[in-house]
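Subject: Structure for your review

Dear colleague,

Please find below the structure that I would like to hand over to you. My findings on it follow directly after.

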Amino acid sequence: MTGERLVGTAAPHPTDYSAFLRQQLAAQPHNVMGHVLSGEQIWIKRAGAPHGQGRYRAMALLAGLLRLPVLRPVPNPGGPAAIATEVRRLTDLAARGIRVPAVLAAQTDGFAMRHLGRVGEETHSLGNEIDGAVRAGDATAVLALWQQGLNTLAHVHRQGTCLSQAFARNLVRCPDGEVACIDFEDDPAAVLPLAVCHARDALCYAHSTAIYLPASGTLHEARARWAAWVAQGTPDMQAVLATSIGRMRWMRHLPTSRRLGRDLQRVRAAYDLLVP
């Protein structure tokens, strides 16, 4: 977990996370804050305002027009409902053997979770680590880190579940080099078939990482690794992914430069990975 604010606080009792949670939810000025508690760093997340649903309806209409179930929105209601969803999902993922922040205490309007790294040290996202390897000119590290993200998705999918938004910013590298997953305020499997959720994870990951591959000269090798990864997925996931990519062929007309913005450049880079 990363964040801008970290404060040291004396705890009511070294292991009384529930009491500390109640105390900090009433006092902390920001919705997400880090605290050092008896030598341990934890994060407390407070419920924000409920979210409007207008943009989700617009996205659902677009997904229907394009005949792309993977684009169907997964609503994040915000407020206490989002807190309940995140606590439930973190608990479930941990029980399945997936590395996520440990939930230490929870109540309706917020919860406490353990920091994924060392006290006072930021845990960097996989996206930032890959970007750093690109800047360092280390193609071997780029491929290794990118493959680590794919392996994480494969592990999650083998446990019969999915992530929420499988962008590289939501995969973090822990001090031991392993990848943990964060940000679970929504639950795709509650509104979409699991095969669609898995294809959605794959496309989110491709969208957030493919832009680094041509920049590091690793696109050709990454295409082979992507094909091998897809071949290990379920037949249903492979079918959803193939259909989705076929209906996205318009992306080949996008420019590879940043002329139309970074987001569309990422879309084009993802297409170049998915369709050699």
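The notes below cover helix packing and one pocket.

Please bear in mind throughout that this is a predicted model.

Helix packing

Two packed helices are described by the angle between their axes and the distance between the axes. Three helix pairs are described here in those terms.

I begin with α4 and α5. Their axes lie 8 Å apart and the packing angle is about 165°. Angles over 145 degrees count as roughly antiparallel, so α4 is roughly antiparallel to α5. The crossing of α4 past α5 is left-handed. On the α4 side, Leu 126, Glu 129, Ile 130, Ala 133 and Val 134 meet Ala 141, Val 142, Leu 145, Trp 146 and Gly 149 of α5. By class, this contact between α4 and α5 comprises eight nonpolar residues, one polar and one charged.

Helix α5, which spans residues 139-158, also packs against α6, at an angle of about 165° and with the axes 11 Å apart. These two helices are therefore roughly antiparallel as well. Here the crossing is right-handed. From α5 the contact draws on Leu 145, Trp 146, Gly 149, Leu 150, Leu 153 and His 157, and from α6 on His 198, Asp 201, Ala 202, Tyr 205 and Thr 209. The contact of α5 with α6 has six nonpolar, four polar and one charged residues.

The third pair is α6 (residues 194-209) and α9 (residues 235-246), whose axes come within 8 Å and cross at roughly 55°. At that angle α6 and α9 are therefore oblique to each other, and their crossing is right-handed. The α6 residues in this contact are Ala 195, Val 196, His 198, Ala 199, Ala 202 and Leu 203, while α9 contributes Asp 236, Met 237, Val 240, Leu 241 and Ser 244. Eight of the residues in the contact of α6 with α9 are nonpolar, two are polar and one is charged.

The second largest pocket

I also examined the second largest pocket, which has a volume of about 250 Å³. Its lining consists of 13 residues, and those closest to the centre of the pocket are Phe 167, Arg 169, His 207, Ser 208 and Arg 266. Helices α4 (126-135), α6 and α10 (262-274) each provide at least two residues of this lining. By class, the lining of the second largest pocket divides into four nonpolar, five polar and four charged residues.

Helix α6 thus recurs in this account: α6 packs with α5, α6 crosses α9, and α6 supplies residues to the lining of the second largest pocket.

With kind regards

Conventions:
Residues are numbered from 1 along each chain as its sequence is written. This is a predicted model: local features need pLDDT of at least 70, side-chain atom pairs count only at pLDDT 80 or more; totals for chains, interfaces and linings use all residues. Side-chain values use heavy atoms; hydrogens and water are left out. Axes are lines fitted to C-alpha atoms, for helices over the stretch in contact, and angles run from 0 to 180 degrees between N-to-C directions. Helices (H or I, at least four residues) and strands (E, at least two) are DSSP runs, numbered from the N terminus. Angles under 35 degrees count as roughly parallel, over 145 as roughly antiparallel, 65 to 115 as roughly perpendicular and the rest as oblique. A crossing is left-handed if the near helix is turned anticlockwise from the far one by less than a right angle, and right-handed if clockwise. Contact means heavy atoms within 4.5 Å. Ala, Val, Leu, Ile, Met, Phe, Trp, Tyr, Cys and Pro count as nonpolar, Asp, Glu, Lys and Arg as charged, and the others, Gly among them, as polar. On a 1 Å grid over the protein atoms alone, a cavity is a set of points where a 1.4 Å probe fits but cannot get out, and a pocket is an open set with protein on both sides within 12 Å along at least five of seven lines; lining residues have an atom within 4 Å of a point. Grid points are joined across faces, edges and corners, and a volume is the space filled by probe spheres set on the points.
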